[in-house]
Amino acid sequence: MKIVAIGRNYADHIAELKNEVPEEPVIFFKPDTAILRNNEPFYYPEYSQDIHHEVELILRICREGKNIDPKFAGKYYDAIGLGIDFTARDLQAKAKAKGLPWTLAKGFNGSAPVSEFLPLSEFPDLNNINFRLDVNGVTKQQGNSGMMLHKFDTIIAYISRFITLKTGDIIFTGTPAGVGPVQLGDRLEGYVEAKKLLDFEIK
Ligand code: MG
């Protein structure tokens, strides 16, 4: 399986990092070795001093597809969960300054904690899903899927023009404002609506 992620999909987060609003979705990968499941702890690696949390809604792909028409994109994912797109901001800044890829800054071991998935039937309106991240009991990020520049179906259709999606693939759909560094001992708790889906520690 693979993880395909979209960057710069919430205007408030684009503004906080002083990035440009992209005309088309910004796409990157995380390898399957980035995944943490079952609220396993995240072990802070020695090669970064500035790892940031980015809480994101994630989609589970349920059938193979390429060149998917946006009209039918909704048939290609069957569940929504919550993920953290951990980003080594120091490594990413270095890469951005040189115009180089973000691969290591985004794809390192453990950089993709993912929750259990909830079936689409639990969401009456996919364009109105609230989610948030608390760090040590304080809310740091809050988002709503209605604020995405590129909605779920657009993202699926766009990615599939270039990259075939397969059953079990996971799509990270971008983070709202409020990203920030994590420290040893932090407890991260992520919610979709009132349901706590993530609860793990930084070690
Ligand atoms: Mg992200």
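This tour proceeds from the whole chain to a sheet, a metal site and the nonpolar cores.

The model is predicted, so local features need pLDDT of at least 70 and side-chain atom pairs count only at pLDDT 80 or more, while totals for chains, interfaces and linings use all residues. Residues are numbered from 1 along each chain as its sequence is written, and side-chain values use heavy atoms, with hydrogens and water left out.

**The whole chain**

Begin with the full chain in cartoon view, which shows four helices and 15 strands; these are DSSP runs numbered from the N terminus, helices being H or I of at least four residues and strands E of at least two. The radius of gyration, taken over C-alpha atoms, is 16 Å, close to the 17 Å that the globule rule (2.2 Å times the number of residues to the power 0.38) gives for 203 residues, so the chain is as compact as a globular protein of that length. Of the 203 residues, 51% count as buried, meaning under 20% relative accessible area with a 1.4 Å probe and protein chains only.

**The four-stranded sheet**

Next, select strands 11, 10, 14 and 15, which form an open, antiparallel sheet in that order; strands pair if DSSP finds at least two bridges between them. Strand 11 (138-144) and strand 15 (195-201) each have a single partner strand, so one side of each is left without a neighbour in the sheet. Now restrict the selection to residues 130-135 and 187-192: these are strand 10 and strand 14, paired in the antiparallel sense over five bridges. Within this selection, R132 stands opposite Y191 of strand 14.

**The magnesium site**

Move to the magnesium ion, coordinated by E54 (OE), E56 (OE) and D85 (OD) at 2.0 to 2.1 Å. Donors are N, O and S atoms within 2.8 Å of the metal (3.2 Å for Na, K and Ca); water is not among the atoms, so sites may look incomplete. E56 lies in strand 5 (residues 55-61) and D85 in the loop between strand 6 (77-84) and strand 7 (87-88), so this pair ties together parts 29 residues apart in sequence. E56 counts as buried, at 0% relative accessibility, and D85 counts as buried at 0% as well.

**The nonpolar cores**

Finally, select F86, I156 and I171, the residues with the most contacts inside the largest nonpolar core, which has 40 residues. Such a core is a set of buried Ala, Val, Leu, Ile, Met, Phe, Trp, Tyr and Cys residues joined through side-chain atoms within 4.5 Å. Helix 4 (152-162) is one of the elements that supply at least two residues of this core. Another core, of 13 residues, lies apart from it and includes F28, A34, I35 and I58.

Key. Buried means under 20% relative accessible area, exposed over 50%, partly exposed in between (1.4 Å probe, protein chains only).
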